[in-house]
Amino acid sequence: MSEKYLPLTVTIGVFCILFVAGGLLYPNFFSTLVIGNILGDNAFVIIAAIGTTFVIISGGIDLSVGSMIGFVGVVMANLDAAGWHPLVSAPMMILFGAGFGALVGVIIDFCEIQPFIITLAALFLLRGACFMINLDAVPIRHPFVLEFSDMGISLPGGGWLSSSAIVMLVALAVAIVIAHWTEFGSAVYAVGGDAPSAKLMGVPMRKTTIKIYALGGTYSALGGVVYAFYTSSGYPLAGTGNELQAIAAVVLGGTLLTGGVGFVAGTLFGGMILGLIATLINFNGSLNGAWIMIAGGLLLFIFIVMHRFLVGSFKFRTGS
Amino acid sequence: MNTQTPSPKPEQPATRLPSSGGAPAGRWLALIRHRLVWPLMALALVLIVDALISPGFFNVRIVQGRLFGNVIDIFYRAMPTAMVALGMAVVIGTKGIDLSVGSIIAICGAIIAWRMHQGDSHFVILLMALAAGLACGLWNGFLVSVLEIQPIIATLILMVSGRGIGLMVNLLYGGTNPSFTSPLLQGLSVGSLGLIPTRLIVGAVIFFLLWLLVRRTAFGLFLESVGGNAKSARLAGVNARFVLLSAYLISGFLAATAGVILTADTHTSDPVSVASNIELDAILAVVIGGGSLAGGRIFLDGTIIGVLVIQALTTSILTSGLPPEYNLVVKAVVVLIVLLLQSSNMRAAVVSVLVRRKA
Amino acid sequence: MAAIIELTGISKAFPGVRALDHVDFGVEPGETHALMGENGAGKSTLIKVMTGALQADGGTIRLAGKEIRPESPGAARAAGIGAVYQEVNLIPTMSVTKNLTLGRLPRKFGLIDWGAARAIARAKLARLGVDIDVERPVGSYSVAIQQLIAIARALEDDARVLVLDEPTASLDANETERLFEIVRDLKARGLGIVFISHFIDQVYRIADRITVLRNGRRVGVGTTEEIPSLKLVSLMIGRDLEHIEHQRPLMDTVASSKPILTAKGVGRRRLLEPFDLELHPGEVVGLAGLLGSGRTETAKLVFGAIRHDSGEIRIDGHHIASPTPKHSLNAGVTFCPEDRKSEGIVAELSVRENIILALQSRRGWLRLLPRREQDRLTSEMIAALNIATPDADKPVGQLSGGNQQKVLLARSLVSNPRLLILDEPTRGIDVGAHAEIVTLIRELAAKGLALLVASSELDELLAVSHRIAVLRDRRMVGEISGAEATREHIIQTIAAS
């Protein structure tokens, strides 16, 4: 097997082990119900993380994910109060996400500066904008939101695939097509693998950078829409720290933070591992929420060290 | 369209700068080029705006035997961030970054609350909190210097799990976040020595010690050489591993100091929300102070000015009557302006506009 | 025969440098044309103009008689001019297929048709007689295969010109031979090949014609018969070789004194076979050999920048258990690396800080050299080595290559070494600085320093060395001194197999 798939295999392996372990520990764990719930509850983070996957494969980083989720929710809630149909405001917010991301990409390209600091400014800007609009949670009362959360597919074994999960899976499928069956997708891998070579090979750097962050913005905005529907509200603090969860999901999904190597599909499993840990800890009941953070950090540590040695062996053979 | 072509790189990229000194124009240029000019101008700008919108902004008075006033307040509130930012400046100088400072503060706070509950001597507790910061720095330093993991990734681990560790420590005594009083710790944090708040003295002493370490020993040169080019530093006999490790130790220790001050200030440990986003403020301060995330230079004085710019912004938003929610947006706009000013493309664009106008 | 590509009167200037000055260059179909010149002669600028990576200030490019103005490497490639650059070429983390088809991926219904892409990739490689798994990442193949993949990528179906910039730099003899077969094959198919290499013997094996550039001007053109190697070298360096020969030290052995450093059986598995070396005060020992023969590795093993896993190193008769750069510096051994940018200078730091770095690390972090002492040493060095810098606080990254090299020398010298190890001390610097450094090496030896000098330029070694150790294929194959030390003898030693 090619070493390319090794990180992804480990990710899926870890997920299976955790799931089986849960099944052995708790009677009702091993079911489609739990899987369905994990998919539904974490759909918004996984959607945002899919966008982050592209950014990280290209060698960049996007810290504005969580703020975008919060901002989208707050604006949608206010538009709802103003009488807008969610099916109008949602596409508008997704377009906003794309435009905002594109702007971030333009600045990164123009200033030739680390994406870290620019997306940090974007984090401040969007979160601050949330607070400027609302200080408290605003409900979204449109009946469509209720209908949306009632939609879904029942799974064999009593499970339920909610509409959020379905949106996430569709978004994932689109992302897989973009990553692996478009010229742009190849350009993302090329830029992250070796930017100077990519440039010499004729990859349009500026266009690619802008598109990458626009895509990241689109997916985080979509995550925000799903979250707003999921909670039927807009809350200015919503999504705080979700950028970290998204990055963690990407890393646990087998994408190298050094860029160039990774799979969008892995991010689904990375996000589900995080969800699985939270579910396991909740099932236990006696364990505190702190364990979620610590277990997340521990897994992150293991994966990062593993990737570190994979890259090490990879580089040795490249001879560079 | 020149996006597809590699930028033409002359074989000798040395930019020819006009000789400084001599002519008055040259002296002006030298002054404009001084690295502290931009951060100081930013600070001055904020303060001038303050003075315009609230006339009494610079008033300082003595209340209960202690200095009070907006200017004192800026220093007072900036102190914890300043500690963290100084550590960040050192780490960024080595081409690194420390995302875990907020988590370190949370852990220190939890340890203080826990040991208070256990009834340890307060001085021992202070030492334990600082030791915890050093231990966290050691962990980060180990990942970066020994395992050679990228700093942003390495410190992400503690960032993600650190607040959880804080919560766990709190669980050790029930986790009810009881408030505590400690003459020693609160004396350091909210007390005052004569007219001056103690934490400003603590901050000044730490700044001075760090400055001594960086500028009056060769340590700063080693840090900067490792940040600029770790390979050549190693070949020139610098123990790069030790230098990197020390940088994260320093950052951990300074974050712990901030943790002591903040925890004593709130009288309780709140691992989830204490010092949230402090790493971002600290990084921002370093960048405003002229530091580059590409490493190789440490500007302690610039960093302090950067922290003051950020805190002055916050304070002036509060005093101007604007809702505090504007704070984040204003901060974001400031970052963007600073970044645009620092970018060579932007400078080139501005210069070309000016030249065209002259011609 | 009409030229397939014809560059006429090409000029290109960069701020402060005239990189190309009315250069003419043409390649005929079925011809391999070598482009020769020292570093900074204008070779890379010329091929960048030819391949669209740079735009010329003046002159014309004609491809098969038609004037073209390639605006990007992509446009040039589409027109039929392919290029394989020296360093950056491929993306190691991506599959061979993607590397070969990026930018021209075949599509079906708007999406990439990977089956077709793989077929294209295999076909491209098949033209070069390469059959590998195109799904594996490029980084998992040897450098030689990567080189062939790069060539496959550069060749469009209707390619007419192929530019190879130092293609053999990291290939061994067999790999080079395979590459040459492919080049001959392409030539037979009527392609014009531009070949750039610093291996003079390879040029005579593969090239039909040679164009020599010096300081941005064409100083010679002719068939390989018209320009024999001695003439080629003298055209390239623009000096009489005899002149250098005259200046040679007498190659007499230095009065037998105690060696400063002795290496016995020092080596490292898969890197360098064990070797013996003795360095005496006042003696210059040269390290000769082709690129990749182990020159740099020898220097680094002696200095301790690479750990040896066999043999022992003694300094002043004391056994050094595990030499590190720090140990060596403390014992008075200093090292100037070959790769100035990545291993030498700290570009952000000032000239002063760069110069005192090694001395300071020897003193330890607590005993900071007083500022006045720093300034004194720096200005002394700036004067002694004639470093062209407006002041000592200028960031060293802003100096020219030659001056950066001098700063590195200064860093070594200021710590008062007894043994100085120089790896390619004159690479990429102008002729003036070159001569200054050669003179300096002699003066230092005369003062009683021991020097170990690794260089790819044989004449330079002959000009400064008392003894020359010759390396081939990561093995020290001989030590030459006295009357034996002639160019011919050393080349024979290198070439003997």
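This report describes selected helices and residues of chains A, B and C in a predicted model.

## Helix packing in chain A

Two packed helices are described by the angle between their axes and the distance between the axes. In chain A, helix α3 (residues 43-57) packs against helix α13 (residues 264-284) at an angle of about 140 degrees, and their axes are 9 Å apart. The arrangement of α3(A) relative to α13(A) is therefore oblique, because angles over 145 degrees are needed to count as roughly antiparallel. The two helices, α3(A) and α13(A), cross in a right-handed sense.

On the α3(A) side, the contact involves A:Ile46, A:Ala49, A:Ile50, A:Thr53 and A:Phe54. Their partners in α13(A) are A:Val264, A:Thr267, A:Leu268, A:Gly271 and A:Met272. Sorted by class, the contact of α3(A) with α13(A) comprises seven nonpolar residues, three polar residues and no charged residues.

## Helix α8 of chain A

Helix α8 of chain A covers residues 163-181, a run of 19 residues. From its first C-alpha to its last, α8(A) reaches 26 Å, which is close to the 27 Å expected at 1.5 Å a residue.

The buried residues of α8(A) begin with A:Ser163, A:Ser164 and A:Ala165. Further along α8(A), A:Met168, A:Ala171, A:Leu172 and A:Ala175 are buried, as are A:Ile178, A:Ala179 and A:His180.

## Chain B in outline

Chain B contains 15 helices and four strands. It has 359 residues, of which 52% count as buried. Among contacts in chain B between residues at least 6 apart in sequence, 74% join residues at least 24 apart.

One helix pair in chain B consists of α5 (residues 122-146) and α11 (residues 240-266), which pack at an angle of about 145 degrees with their axes 7 Å apart. The crossing of α5(B) with α11(B) is right-handed. The contact of α5(B) with α11(B) includes 15 nonpolar, seven polar and one charged residue.

## Two buried residues of chain B

B:Asp98 lies in the loop between α3 (70-93) and α4 (101-118) of chain B. With a relative accessible area of 0%, B:Asp98 is buried. Beyond its neighbours within four places in sequence, B:Asp98 is in contact with B:Met88, B:Val91, B:Ile104 and B:Asn140, and also with B:Thr155, B:Tyr248, B:Ser251 and B:Glu279. The C-alpha atom of B:Asp98 is separated by 8.8 Å from that of B:Ile283, although the two residues are 185 residues apart along the chain.

B:Ser232 belongs to helix α10 (residues 230-235) of chain B. This residue, B:Ser232, counts as buried because its relative accessibility is 0%. When residues up to four places away in sequence are not counted, B:Ser232 touches C:Ser342, C:Glu343, C:Gly344, C:Ile345, C:Val346 and C:Arg411.

## Positive phi outside glycine

Most residues other than glycine have a negative phi. B:Glu148 is not a glycine, yet its phi is positive, at about 55 degrees. B:Glu148 is placed in the loop between α5 and α6 (151-171) of chain B. Its relative accessibility of 45% means that B:Glu148 counts as partly exposed.

In chain C, C:Glu166 also has a positive phi, near 50 degrees, in a residue other than glycine. C:Glu166 is found in the loop between β9 (161-165) and α6 (173-188) of chain C. At 8% relative accessibility, C:Glu166 counts as buried.

Note on methods: Residues numbered from 1 in each chain as written. Chains lettered and ligands numbered in written order. Predicted model: local features only at pLDDT ≥ 70, side-chain atom pairs only at ≥ 80, totals over all residues. Heavy atoms only, no water. Axes fitted to C-alpha atoms, helices over the stretch in contact; angles between N-to-C directions. Parallel < 35°, antiparallel > 145°, perpendicular 65-115°, else oblique. Left-handed = near helix turned anticlockwise from the far one by under 90°. Contact = heavy atoms within 4.5 Å. Nonpolar A, V, L, I, M, F, W, Y, C, P; charged D, E, K, R; others polar. Expected span 1.5 Å × (residues − 1). Buried < 20%, exposed > 50% of the residue type's maximum accessible area, 1.4 Å probe, protein only.
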